[in-house]
Amino acid sequence: MIYYAFSILLILLIAPLLLGFIKSFKMFLLYKTPSSIFQPYRNFIKLFSKEMVISQESSNITRIAPFLVLSPLLIVVLFLPPIVGDAFYVRFIDAFTITGLLALSTFFLMMIGLDSASSFGGLGSSREAFISAIAEPAMILNIFSISMMAGDLGIAKASVNLALTFPAAHMASFIFAGISFFILLLTETGRIPVDNPETHLELTMVHEAMILDLSGFYLALIEIAASIKYVIFSSLFASLFMPFGLELNPFLATIVFVLKLVLIAVVVSLVEVNMAKLRLFKVPNLLGVAIVFAFLSLITFYVLGA
Amino acid sequence: MFQFDFLSLLFVGLILLGVIPNIFYTLGYLPHIKRKTHFIIHYVAFVASMIGVVLANNSIVFLFFWEIMSLTSWQLILTEANRKKSTLAAAKFYFFMTHFGFVFLLLFFLIVSGGNFELGFSQMNEIASAFAYPTLLFFFLVLGFLSKAGAVPLHVWLPYAHPEAPSPVSALMSGLMIKMALYGFFRFLFEVLYPWDVEWGILILVIGAISSLVGVLYALSEHDIKALLANHSIENIGIILIGFGMGMVFDSLHLYTLSSFSFIAALFHIFNHMSFKSLLFMGAGSVLHQTRTKNMERYGALIKSMPITAWTFLLAAISISALPPTNGFLSEWMIFQSLLGSQTIDNVSLKLAIPFAIFALALTSGLAIACFVKAYGITFLGLHRSENAKHAKEVNSLMQFGMILMSLVVISLMLFTPFYIYYFDKAIFSLGHVSIYKDIFTTNIFNLHSVANNGGVVSPLLLLGLLLGIVTILVIVYKVLNVKVRMHRTWACGYKTASNTQYSSTGFAGPIRKFFSWLYKPDEVITKNHIGDHKTKFSSANYEMHVTPLFEKSLYQGTTKIANMISYWVYRLSHFEKTRYAAMVFNLLLTVLFSYRVFSGDFSWATLILEITVMIISIKILIIGETR
C-alpha cells in the first residue's frame, strides 16, 4: 500500500517535469538556450496565485467543467499499472473504463470551448471532437489486443503478467500494438503531428483553442490535466510495451520506470522536432494507420492462436 | 389470452418507468395542444396498447394490440399537423412502413400458429420446428419487428416520424414503442424459433453494427434537434442488437453463460435507452416549446434561462455518450465485455469478424460524444443565436417535474444496477437460459464482473464515489486558495463579442462531415455577393448544406423507380391490340411447355438454348413488333 501511494505521488509529481523536459530538450535540439525543466511548476504556482477572469458570456458549465476535466484523469492515475514489483494495484479496471474516463474529461473540455461564445472555442471543440472520435476505436482495439496477449482484461494486471511471462510467441502482435499505441500517445496528448501545444495560431491549435478564455486557477487545473494526460499515456506505454524492471528492488525499479518515461519523452521530442504538424484532414490518415495496426495486432494474435 | 411471466412483467415495468414521468410532462404540455380530446384519447390508448402487446399470449391479441399501437401513434403524429406538409408526409410514410412490417408479422403468425390464432405462444414451438424453412420464419421476424424498431436498412421512416409528433409522444415512441418491437423479437425468437442457427446471430450482429454507425453518423449531420435524437434511437437500437446478436451467436455455439451475459446487457441497454432518450426528448420538447423552432442554429445560451432543462439534458447527454459512471456506460461496457468473450470461440473466421463489431461500437461511442457535445453546446451554451432563444423562459413546473422524475430514473439505473440486473437475469432464466447473477456479482453487489475469460470488472459506485471525492477535494483547494474572480467579456480579437461569430452546429460537425463525405454526399450551395468583379471579395456569403440519407436515396427511391418502371410496362401491356394479346397467350403456352420439359428432368443445354432462341424471336416478332 505504501508503494501504491508512493507511485501515485511520483506519477503526479513527475507529470509537469516531463513536459518541461520535452520542451527544454526540443530547445536544445534546435540550438536554442533551453528553458529550465522546472518551468511548468513555476507556471502552476504563478497561475494559482493569480486573479481569475471569467467570461461574462459563459455559464455555470465553465465554473464546474475544469474540475470535471481534471478529476477523471486523477481517477485513471489511481488505476495505472504498478511501477514496483510487489506493490498493491487496482487489478480489474479494463480498457473501456479507462477510455471512458479519458473521454469524460475530453467531453467537459469541449464544453468549455463552446461555453465562452468565442469562435476559437468552437473551433477547438469541433476539431477535438473529430480527432478523439476517430482515436477512440484505435485506443480500445489496441489495449484489448495487448490485454488479450497478457491474458487479463484488467490493464494493471495485464502489465504485471507481461512483465512476469512475456508472450514471445506473439512478438508480432505486440510490436503492432506498440506502434499503434505510440501514435495514440502523440494524438491524445496533443503532440506535434496532430496538435501543437506551443502555438496560439488559429490554423493549427486544437487544445489551446478550447481553453483560450480560461485564466488563473481554472487554467492551472486544465494545464495540470494536460500534463497528467501525458503521463498517463506515457506510463501506460512504459508499463505495457516495455514490460521489464518490475522484478528489481523497489528503488531500482522506480529508477528504471523514470528512465523509461524519459526515454519516451526523448522519442516524442525527436518526433516533434523532425515532423511538421499535419493538416487537420491528414490526421485521420495517421489515426487510420493506428487503427490498422491495432487490427493487425488483434488478427495476428487470433490467427497464431490464443 | 394474457400471460404474466417475467419477460412480460419486465417490459410492463419498463413501460411504467417510461410512462409515469411522461404523464406529468404531458399534463404540463397539454395546454399547448389544440385538439385536446383527440390527443388524450389516443395517448391513453397508445399506452394501454403497449401494455397489451407485452402481456398478450396469443396471436390475435398480440396483433390486435400491435395494430392499435401503430394506429394510435400514427394519429398522435398527426396531432399538431395543421395541414403542415412535412407532418402529413411523415405520417403517411410511417403508416406505410408500420404496415409493411405488419404484413410479415401476419405471415409469421399464419405459419407458426397453424391457422389457429388463439394458440398460446408456448405451443407454437412445435409447429415452427416442424416447418421446413425456419430461416424464412426468422426473416419474417426480422422484417416485421426490426422495421418497427428502426434498424438499418428499414430505418428511414424513423427520423421523419418521431420528430413530427408532440414532444411527450416522441419521448414515448423513441423510448418505448421501438422497444415493443424488440420485445416481440425477443419473445418469438426465444419461445417459437429456438434453437437458432449461428448465421442468424451473425446477421443480427451485422445489422446492429451497421445501424449503430449509420444512426450516429446521420445524427451528426442533423441540425433539427428532434431528428438528431431520432437518429440516435437508430444508433442505440443498433447497440442493443449487437448485444442481442452476440448472445445468439454464443447460444448457438453452446457458450451459455456468455450468451446470458449478452442478453442481460441488451436488456439493460433497452432500459437505459428508454430512460435517457425519454429525458432527451423531454428536454428537446421544452426547448422547442420555448423557442418555437426545431433548428439548433437558432438556439444558444438556454442554460441561463432554462436551468432545469439544461442540467437534466446534460445528465442524459453524458449517459447516452456512454461516459462513466452513468448507466449508459455500464450497459455499453457489458456489451463490450460480451464481444470480448469471443476469444473463447473456436471458429477462427468468426473470431476474426468480431473485432470489426468492436471497432464499430467504439467508433460509435466516439462519434456519439462528438454529437452530444454538439447538441448540448450549441443548444444550451454560448450566446443566444436568435430572438427566439433570447425570450425563452423555463417551462412550467409540471414539465420540470416530469424531467426531474425521468432523471431520477436515469440515476436509479446507475445506482441500483444489481437490482435491475437481478430481474433481467430472472427474465432470461425464465426463458430457459442459464442464470448468471451469481457470476456477475460474485462477492458483493458493488463490483460488476464480466463472465468472459479473465474478464474485466467495473464498479459504478466506486467510480462515482471517486469522482465526487476528487471534485470535492479540488473545490476545497479552490476555496482555500480564495481566488479573486473578475467578470469580463470574451476577448474577440478587438471586435464585439457577438452571437453570429460563434460556431454553428453545421460548422461544429464540419470536419466529421468532410471526412465522411463519401457517405453523406451533401448538397452544398454557396452563394456570394461579390463586390464589383472581384473574385475573392464579397459583401456577404451564404452556405447551405443538406444531407439526404444514402439509404433513402438508393434503397427507397430506387424501389420507387423500379415500381414505376414495372407499372409503366403493365400500363403498356394493357393498351396492346387484341392480336398481341393472342400472341402473348401463345408465348405463355410456349413457356409452359418448354419449362415443363426442364423441370421434369429432361434437360440439355442445346435444347435450352434452342428454346430460348425460339422464345426471343417469337416475343420480338409477335409482341414487341416493329419499333416506331
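Analyst: Two strands count as paired once DSSP finds at least two bridges between them. Keep that in mind for this model, which is predicted.

User: What makes β1(A) and β3 of chain B a pair?

Analyst: They share 4 bridges, running in the parallel sense. The bar is at least two bridges, so the label "paired" holds. For a specific spot, look at A:Val53, whose bridge partner in β3(B) is B:Arg486. The strand on the B side covers residues 485–488.

User: How many residues does each chain bring to the contact?

Analyst: Chain A brings 66 residues and chain B brings 64. On the A side, β1 is one of the elements giving at least two residues each, along with α3, α4, α5, α9 and α11. The top contributor there is α5(A), with 17 residues. By type, that side of chain A splits into 42 nonpolar, 16 polar and 8 charged residues.

User: Why is A:Ala117 called buried or exposed?

Analyst: Count its neighbours: 29 other C-beta atoms sit within 10 Å. Buried starts at 20 or more, so A:Ala117 goes down as buried. You'll find A:Ala117 in the loop between α4 and α5 of chain A, with a positive phi of about 60 degrees despite not being a glycine.

User: And B:Asn482, what makes that one buried or exposed?

Analyst: B:Asn482 has just 6 other C-beta atoms within 10 Å. Exposed means 12 or fewer, so B:Asn482 is exposed. This residue is also a non-glycine with positive phi, about 55 degrees, and it lies in the loop between α20 and β3 of chain B.

User: How do you know whether the radius of gyration of chain A agrees with a compact globule?

Analyst: Put the two values side by side. For 306 residues, the globule rule gives a radius near 19 Å, and chain A has 19 Å, so the two agree. Its C-alpha atoms fill a box of roughly 60 × 45 × 40 Å along the principal axes. Of its residues, 61% count as buried. Among chain A contacts between residues at least 6 apart in sequence, 79% join residues at least 24 apart.

User: Which peptide bonds before B:Pro153 and B:Pro195 are called cis, and what is omega there?

Analyst: The bond from B:Val152 to B:Pro153 is cis, with omega about 5 degrees. The bond from B:Tyr194 to B:Pro195 is cis too, with omega about -5 degrees. B:Pro153 is in the loop between α6 and α7 of chain B, while B:Pro195 is in the loop between α8 and α9 of chain B.

Key
Residues are numbered from 1 along each chain as its sequence is written. Chains are lettered from A and ligands numbered from 1 in the order in which they are written. This is a predicted model: local features need pLDDT of at least 70, side-chain atom pairs count only at pLDDT 80 or more; totals for chains, interfaces and linings use all residues. Two residues are in contact if their C-beta atoms, placed from the backbone, lie within 7 Å. Ala, Val, Leu, Ile, Met, Phe, Trp, Tyr, Cys and Pro count as nonpolar, Asp, Glu, Lys and Arg as charged, and the others, Gly among them, as polar. The radius of gyration is taken over C-alpha atoms; the globule rule is 2.2 Å times the number of residues to the power 0.38.
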